[in-house]
Amino acid sequence: MAGRVLGILTTVLLTSALLSGQSAAEPGRIQPDPLLMFPYRPATADWAAVLRDRAAKTQARSPASAQNPLPYKEKEPPGTSGANDSLAKAEHITGFGTRRPENAKVRLTGDLKPDASIPTLPPAAEPSDAVGLASETGVGVTRRAIRTTGIVGDGPYGSAGDGTGDFDFYRLSAGTTPVTFTARTLTPTGDLDTLLALYDQDGLWAINDNAGGSTDSTLSFTIPPGREFFLMVGSGLPADPKRPGTGDGVRTEGPYDLTITSGLSGGDLDYYSFDLRAGDVLGASVAGGGTRLAVYDPAGREVFGSSQDATSIFSTASPMPGGGNAVVDFVAPKEGRYRLGVEAGEGAYDIKLEAFRPGTETAPRGSVHTVFLDFDGARVNTSIFGIGGGIRDLSPLSAFPPRWGLSARDERALTDAIVATVKENLERDLVAKGTNPRFALRVLNSRDHADPWGQPNVSRVVVGGTTVESGIQTIGIAQSIDAGNFGKEETALVLLDEISTPPGPAWSLNTYVGPGSDKIAFVGRAVGNITSHEVGHMSGSWHTDPANAVPGIMDPGGNPAVMFAVGPDGFGGTADDPDLDLVEEGISPAEGFTGAEDTLNRSAWAFVRGSG
């Protein structure tokens, strides 16, 4: 589970929800960080350190193969539109793919004709250094997009004023439907290193710095209906976005250009097609003028759209491309002709388009990936998550049954229930419903098997420990989101203190226990679902949309009862409790992505019998 405590999403939007101070009992407020699940005391995290850690992980990621990319140049002449502006008119890239003698890498260059329909607004009047002083943009209500200019440093709080630091705030709103916004800064001259941040009245939701390795910034986010948010342009963050003059000093200053758009481009769109095999792991990153990419399946459905680079949350072993304005990742569930759209931006763009076979498939012939469930307590270096405080000792599962009203004698049955749920979610379902004919996964546990952790092709989930012991205010966290399962030796945590508190909080299992509850079955299934959620991240899935009518294991933790599989009667461990599965449903819009995500086959193709 990765939403509030279950997820793993890094990058720009990572701080977004985690910094918001959102409580797990507030399902109406969605958390956009795919790395964590229910972080109910997010204010304790050092998010500057998190961003530094994720930037370091981005730099450390394994480079792709040395194969020279296949060059492909858009056939539509620069400055024109109409030739490849739809899926039906997509330009086909021949020779790209994972079969021999195809080339698995393409360098795709093209050009988006500028959108002449976007109005230019005059610079906002100073001061505009707090949410209450924000300039009105009209984007999302009366306008689709705007351009404007500004200067960081020209107000009463810049270097010519009191020196606390200048910030420019802009108001954004959604009407009766959710609105997805993309904001982008360009610094035409000077030394300004921009930072974009998104706030509501309660706190920080999203942040981006140095998009594509530049000093510019790009931020994509979805505003729920009827909500009001505030986009900040600066070079740092204020201590209090409601009070001017609360910066920590002048960093960099200078002019900037700002473009804010909602939805797809109203101008030029470019589409390209290519053929994929079942199980191919596709990655694409766009730099230059392009600011949004989207992948479409053979039926024309959008299966992954992005206006951000979230690759800092990828495994450091992942060879997937990154570093651009927008990055997509996708696992093909079946063979067919897929399409990539460049759907926002202006001017020349450069795309790295690459395809890989799953990491487990390229492991030694006959090898089988192992997921090890560690119930015995463990010593974990929590710095691998970018949030914890180093080497920590976590208490075992056996410390927690009394907190659910169970006895020590119930521990064996509880362990059986957890293991059975994980195996049902990750073995039986993926074999029965997935498209991978060579699926192979071994689920072992510390009670019944020798500890294989540290061996190749073994990932682990530590089920036990507390937020205090780990130093991480969450229920579940995974080391990465890893499409293709290239980081085959990673760790996830499922912490048990918050879900075993006394009745009352929405995140406590005890809140859903009634006179007719089978506690062992309920707790075992809930913990097993959370464990499966974290494995879902490590095998490549992002959070799915918690607001739709399709419950799934990869839903974030904003509504804990969904992850706990509580039935309509409001009690867990009763006859109406549902079977929660990995499914195909919309990806969580709060995390800046769009499209239908097939979490079942992302995991099914993450576990392939080795043929290397």
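**Exercise 1.** In this predicted model, determine whether R144 is buried, partly exposed or exposed, and describe the salt bridge between D115 and R144.

*Solution.*
Step 1. R144 has a relative accessible area of 29%. Partly exposed lies between the limits of under 20% for buried and over 50% for exposed, so R144 is partly exposed.
Step 2. The side chain of R144 forms a salt bridge with that of D115, at 2.5 Å from N to O. This pair links distant parts of the chain, 29 residues apart: D115 lies in the loop between strand 5 and strand 6, and R144 in the loop between strand 6 and strand 7.
Step 3. D115 has 7% relative accessibility and therefore counts as buried.

**Exercise 2.** Classify R301 and D297 as buried or exposed to some degree, and state what joins their side chains.

*Solution.*
Step 1. R301, at 35% relative accessibility, is partly exposed.
Step 2. D297, at 8%, is buried.
Step 3. A salt bridge of 2.9 Å, N to O, joins the two side chains.

**Exercise 3.** Which strands pair with strand 15, and in what sense?

*Solution.*
Step 1. Strand 15 covers residues 270-276, and 6 of its 7 residues are buried.
Step 2. Strand 4 (residues 91-92) pairs with strand 15 in the parallel sense over 2 bridges; E91 has Y272 as its bridge partner.
Step 3. Strand 19 (residues 336-356) runs antiparallel to strand 15, and 7 bridges join them. Here D275 has R337 as its bridge partner.

How values were computed:
Residues are numbered from 1 along each chain as its sequence is written. This is a predicted model: local features need pLDDT of at least 70, side-chain atom pairs count only at pLDDT 80 or more; totals for chains, interfaces and linings use all residues. Side-chain values use heavy atoms; hydrogens and water are left out. Buried means under 20% relative accessible area, exposed over 50%, partly exposed in between (1.4 Å probe, protein chains only). Helices (H or I, at least four residues) and strands (E, at least two) are DSSP runs, numbered from the N terminus. Two strands pair if DSSP finds at least two bridges between them. A salt bridge is a side-chain nitrogen of Lys or Arg within 4 Å of a carboxyl oxygen of Asp or Glu.
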